[in-house]
Amino acid sequence: MTHRRSPWLRLFTLLVYAFLYAPIVVLIVFAFNSSRTNITFEGIVNQEPCGPFYWFCKLLSNRDVVDAARNTLTIATVSTLVSTVIGTMAALALQRFSFRLKAFTELSLYVPIIIPEIVMGISILVLFNQVFNWINTTLALAPDNRLSLGLGTVIIAHIAFSIPFVVLVVRARLHGFDKSVEEAAMDLGANEWVTFWRVTLPLIMPGVLSGALLAFTLSLDDFIITFFTTGPGATTLPIYVYGLLRRIITPEVNALSTVWILIVLVALLISQRLQRRST
Amino acid sequence: MIQRLRQHKSLQGSLLASPALLWMIVLLIVPLLLIVIISFGGRDADGNVIYTFRLDNYIRLTGYTDNCRSAGDYFSGLWQAITNPAAYDETTNPATRCFDPLYLQILWRSVSLALQTTLVVILMGYPLAYYVARSSIRRRNLLLFLILVPLWTNFVIRVYAWIIILRGQGVLNGLLGSGASALGLPFRPLDLYPSAGAVLVGMVYEFLPFMILPMYTSLEKIDTSLYEAAADLGANPLRTFLRVTLPLSMPGVVAGTILVFVPVMGTFVVSDILGGKQFVLVGNLIQRQFLDARDRAFGSAASIILMVMTLLVTVYYTRRFGFGEEIAPV
């Protein structure tokens with residue numbers, strides 16, 4: 001028996017989906033607005049260069065946007081690589097070994113998931129300030145060489161909030177792992193190192209990849225922690241958009257949002273494909 | 001031999017876990033301890049932190065000022081402000097009154113907004129999660145995918161969309177206006193942005209997927225034969241829902257509540273963009289202390305209070321209802 005579903009339930013669901021998508025549709029439509037102030041929709045823009053895609057083309061010639069996009073991708077790539085390696089190691093340790101400080105490690109990995117992001121953001125800001133102040137004054141560094149907030153600090157902070165999520169995802173994969181394959185490899189004379197590279201890692205790879213994907217998207221999407229740890233020259237796209245919201249907002253922001261939504265859509269489709277293939 | 005093997009294993013485990021542990025200690029535990037220490041400090045004229053051990057910042061958050069001559073003074077002021085806030089604001093002089101309601105108001109506003117958001121999101125998300133969980137597998141994948149797209153669209157961009165919709169000459173007023181003129185009714189644009197209502201809408205929009213996904217995970221796991229059994233035993237649909245579906249889906253609701261309540265309490269972006277200058281939440285208070293006002297000690301104290309409040313909610317909920325793997329992210 002398939003469970004009965006009332007038409008009311010279907011209607012309600014439809015309305016909630018409409019609520020989820022209405023703002024996205026509005027965002028995209030307004031990216032083609034001919035009005036510069038972008039308050040009301042005054043017809044589709046048709047201006048050189050690019051005609052209806054005028055605002056998209058302006059976007060590409062906007063240095064701030066291009067820089068912000070590059071920063072965002074640099075931060076996401078580096079923090080994903082580092083947090084995936086560190087997180088996978090920790091997941092293996094927690095799932096396979098018993099060691100001193102195991103309980104403490106688990107607890108410390110659980111904390112970032114349950115404390116408000118803003119608390120993590122300001123506390124990391126305070127840490128960087130204290131450490132940099134101390135180093136700058138004790139070494140009496142020249143103004144140009146002084147340590148300050150920037151890409152590096154954002155990356156370090158992003159690694160910190162990504163690790164717990166990578167551990168969570170990889171551990172879930174290790175949980176259903178059949179250890180007898182590893183034992184078989186060892187019986188056939190492979191040492192631990194070879195077993196890991198040739199047997200364990202390929203088997204947990206889907207988990208590692210989805211952990212990495214999660215870390216990447218968390219980093220791309222992050223606003224609050226970046227907001228507190230960023231400095232001059234390290235503006236990311238979310239920070240850039242937030243800065244614009246306090247001024248006049250031209251359809252350029254909508255064009256940027258539209259591109260963003262398209263990228264997210266494609267990335268999600270790819271990840272779904274990958275997951276389907278792995279199962 | 002076994003002893004040595006065990007030692008070897010333990011060493012291996014420690015080595016594998018040490019980078020993660022180190023990162024967490026340096027960037028999470030040490031900074032949190034710093035915040036605790038600073039929250040008992042003060043600030044000098046340049047906005048630098050002075051390390052002392054005083055409870056001043058916490059006392060300031062309770063609204064107790066130097067004008068108070070006794071605890072009785074404070075509590076009578078507090079009582080008046082709670083029972084009749086408008087009259088308290090009008091009749092007392094901000095410069096001389098003992099109880100200053102500002103910070104408690106901010107805390108209360110944050111808690112009440114977080115509760116409202118959680119409630120609305122449960123009411124909107126539960127039927128949807130139920131519908132998705134009862135769909136055929138192919139439809140289910142599509143419907144879930146449709147929930148993920150808005151979730152991964154940037155947080156700031158999602159709030160921005162609501163400005164376009166809600167502002168005076170925005171999309172919503174435009175639609176209502178043309179609807180009214182078609183019916184020949186008079187229409188005055190609604191004053192929707194910036195407002196407290198706009199903040200609630202923005203929060204609900206931001207966090208709805210966080211509630212739907214764990215609720216779906218719980219609902220999807222329920223064995224459909226349980227529904228049949230309930231029906232066979234004579235339970236009507238309402239009774240089946242109350243006695244079977246709802247209890248079995250509670251872990252998802254709990255996980256969703258934590259995933260929604262905690263970030264709503266701590267965010268400052270939505271209120272900053274959709275609420276206007278007057279709409280201050282704890283998140284805004286903390287942000288301003290760290291960037292504009294430069295009173296980091298006071299900002300730290302506010303953060304500690306925020307953290308304690310969210311931890312209490314999390315611990316209470318997990319103790320009361322237990323915790324499944326529903327908390328795991330998508």
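Let's start with chain B, which has 14 helices and two strands; here helices are DSSP runs of H or I with at least four residues, strands are E runs of at least two, and both are numbered from the N terminus. Keep in mind that this is a predicted model, where local features need pLDDT of at least 70, side-chain atom pairs count only at pLDDT 80 or more, and totals for chains, interfaces and linings use all residues. Residues are numbered from 1 along each chain as its sequence is written, while chains are lettered from A and ligands numbered from 1 in the order in which they are written.

How spread out is chain B? Its radius of gyration is 25 Å, where a compact globule of 330 residues would come in near 20 Å. That radius is taken over C-alpha atoms, and the globule rule is 2.2 Å times the number of residues to the power 0.38. Put a box along the principal axes and the C-alpha atoms of chain B fill roughly 90 × 70 × 40 Å. Of its 330 residues, 43% count as buried; buried takes 20 or more other C-beta atoms within 10 Å of a residue's own, exposed takes 12 or fewer, and partly exposed is in between, with C-beta atoms placed from the backbone.

The domain assignment splits chain B into domain 1 (64-100) and domain 2 (104-327), with bounds that come from an automatic or database assignment. The C-alpha centres of domain 1 and domain 2 of chain B lie 34 Å apart. Among contacts in chain B between residues at least 6 apart in sequence, 71% join residues at least 24 apart; a contact means that two C-beta atoms, placed from the backbone, lie within 7 Å.

Now for chain A, which has eleven helices and zero strands. Its radius of gyration is 24 Å, well over the 19 Å that the globule rule gives for 279 residues, so chain A is more spread out than a compact globule. The C-alpha trace of chain A spans about 75 × 70 × 35 Å along its principal axes, and buried residues make up 39% of the chain. For contacts in chain A with a separation of 6 or more, 75% come from residues 24 or more positions apart.

Where do the two chains meet? The contact takes 71 residues from chain B and 72 residues from chain A. Helix α1 (residues 2-39) gives the most to the side of chain B that touches chain A, with 22 residues. By class, that side has 51 nonpolar, 15 polar and five charged residues, where Ala, Val, Leu, Ile, Met, Phe, Trp, Tyr, Cys and Pro count as nonpolar, Asp, Glu, Lys and Arg as charged, and the others, Gly among them, as polar.

The largest nonpolar core has 155 residues, and those with the most contacts inside it are A:A90, B:A20, B:A129 and B:W162. Such a core is a set of buried Ala, Val, Leu, Ile, Met, Phe, Trp, Tyr and Cys residues joined through C-beta atoms within 7 Å. Helix α9 (residues 196-221) of chain B gives the most to this core, with 15 residues. Leaving out residues up to four places away in sequence, B:W162 touches A:P23, B:A198, B:V201, B:G202, B:Y205 and B:L274.

A couple of helices in chain B make for a quick geometry check. The 16 residues of α6 (residues 137-152) should span 22 Å at 1.5 Å a residue, and the end C-alpha atoms are 23 Å apart, which agrees; the expected span is 1.5 Å times one less than the number of residues. Within α6(B), B:I147, B:P150, B:L151 and B:W152 are buried. For the twelve residues of α8 (residues 171-182) of chain B, the expected span is 16 Å and the end C-alpha atoms are 16 Å apart, again in agreement. After α8(B) comes B:G184, whose phi is positive, near 75 degrees. In the loop between α8 and α9 of chain B sits B:P194, and a cis peptide bond joins B:Y193 to B:P194, with omega about -5 degrees.

Chain A has some backbone oddities too. A:C50 is not a glycine, yet its phi is positive, about 80 degrees; A:C50 sits in the loop between α1 (7-30) and α2 (54-60) of chain A. Is A:C50 buried or partly exposed? With 14 other C-beta atoms within 10 Å, A:C50 is partly exposed. A:A140 also has a positive phi, near 45 degrees, and counts as exposed with 6 C-beta neighbours inside 10 Å.
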